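Biologist: Please take one part of this model and go through it closely, starting from a single loop and working outwards to what surrounds it. I would like the cut-offs stated as you go.

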Amino acid sequence: MRLVTFELSGKAVAGLLLNDQVIELAAAARQCGETVDASSVLALIQAGEPALQALKRITARAAELSALARPLSSVRLLAPIPRPLRNVFCVGRNYADHVKEGAVAQKADIKLPTVPQFFTKATHAVNAPEGDIRLDPQLSEKLDYEVELVVVIGKTGRDIKREQAFEHVFGYSVGNDVTARDLQRRHEQWFKGKSLDTSFPFGPAIVTRDEVAAVQALELSLSVNGERRQQGLVSQMIFDIPVLIEFLSAGLTLEAGDIIATGTPSGVGYAMDPPRFLANGDVVEASITGLGTLRNRVVTAGSR
């Protein structure tokens, strides 16, 4: 199943994406006699297995719900979880080629991490799958991109062993960890440079775990104005999803609805020779096979 959030009469509502049609889930639940809270994607995730089973029953009756279907082209998609309950968890330096390109760009020794490197992005960084990425030249002249596989937690837990990690995964999505490199370096930590408003395009849907047979085989790619910049496979991660969940949840409760961005492959702008950063009018497309594409335009603050 593919869950989306879209704008309806000025409100954010949960939807089920079927091919090129979107069905409002609250209305579908009422029509199908399901008592599940379908007011938001987050509410559905937090409701656990009963909600997941209700969603499967609704999906099985999709042919009866044609009157509720809207063409995808006619709706404005928001991020699947427009306002997370807490910061987005992120993983730095999780692809060897990205670590190597960064070391070369900074004239440093190549040293792969021995444990996952975690940081967070603020909730206001979350952006729609086709929302504008805000560029404020007074804050940053080195805005960069990073396509990432997003893991959405579906079952709350702490001290999760890697063997049970996938039991806690609700689904997957696409993220773009937009980064102000100059702020990142100036503050000597990652939070500020990665938490500017609109700096985490996310979506277009959350694809439930049962629909992704081989997450390791998924391919990530990113282009700027049609030029391919990044390409990689989830299998190239230094620390795979079960290991990330085990490390992150050690002594730290992961909650249903938490978002984890799992790192980016090589090809980022700051590591190019010469570096190539995002500029006003650039269109950034971040894709993962089977999960969808983010398409975001860079817009200078105050230009609209």
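Modeller: Arg93 sits in the loop between S6 and H4, where helices (H or I, at least four residues) and strands (E, at least two) are DSSP runs numbered from the N terminus. The model is predicted, so local features need pLDDT of at least 70 and side-chain atom pairs count only at pLDDT 80 or more, whereas totals for chains, interfaces and linings use all residues. Residues are numbered from 1 along each chain as its sequence is written, and side-chain values use heavy atoms, with hydrogens and water left out.

The backbone deserves attention here: Arg93 is not a glycine, yet its phi is positive, at about 55°. Most residues other than glycine have a negative phi. Arg93 is partly exposed, with 26% relative accessibility; on this scale, buried means under 20% relative accessible area, exposed over 50%, and partly exposed in between, for a 1.4 Å probe and protein chains only.

Beyond this loop comes helix H4, residues 96-105, in which His98, Val99, Glu101, Gly102 and Ala103 are buried. Val104, which belongs to H4 as well, is by contrast exposed, at 59% relative accessible area. Val104 joins Ile110 and Leu112 in a nonpolar surface patch, and together they present about 280 Å² of accessible area. Such patches take residues with over 30% relative accessible area and no salt bridge, joining nonpolar side chains (Val, Leu, Ile, Met, Phe, Trp, Tyr) within 5 Å and like charges within 9 Å; a salt bridge is a side-chain nitrogen of Lys or Arg within 4 Å of a carboxyl oxygen of Asp or Glu, and areas come from the Shrake-Rupley method with a 1.4 Å probe, only the protein chains shown counting as cover for residues. Just after H4, Lys107 has a positive phi of about 55°.

On the other side of the loop, the largest nonpolar core, a set of buried Ala, Val, Leu, Ile, Met, Phe, Trp, Tyr and Cys residues joined through side-chain atoms within 4.5 Å, has 44 residues, and Leu149, Tyr172 and Leu218 are among those with the most contacts inside it. Strand S6 (88-92) is one of the elements that supply at least two residues of this core, while H6 gives the largest share, 5 residues. Setting aside neighbours within four places in sequence, Leu218 is in contact (heavy atoms within 4.5 Å) with residues including Leu149, Val234, Ile288 and Leu291.
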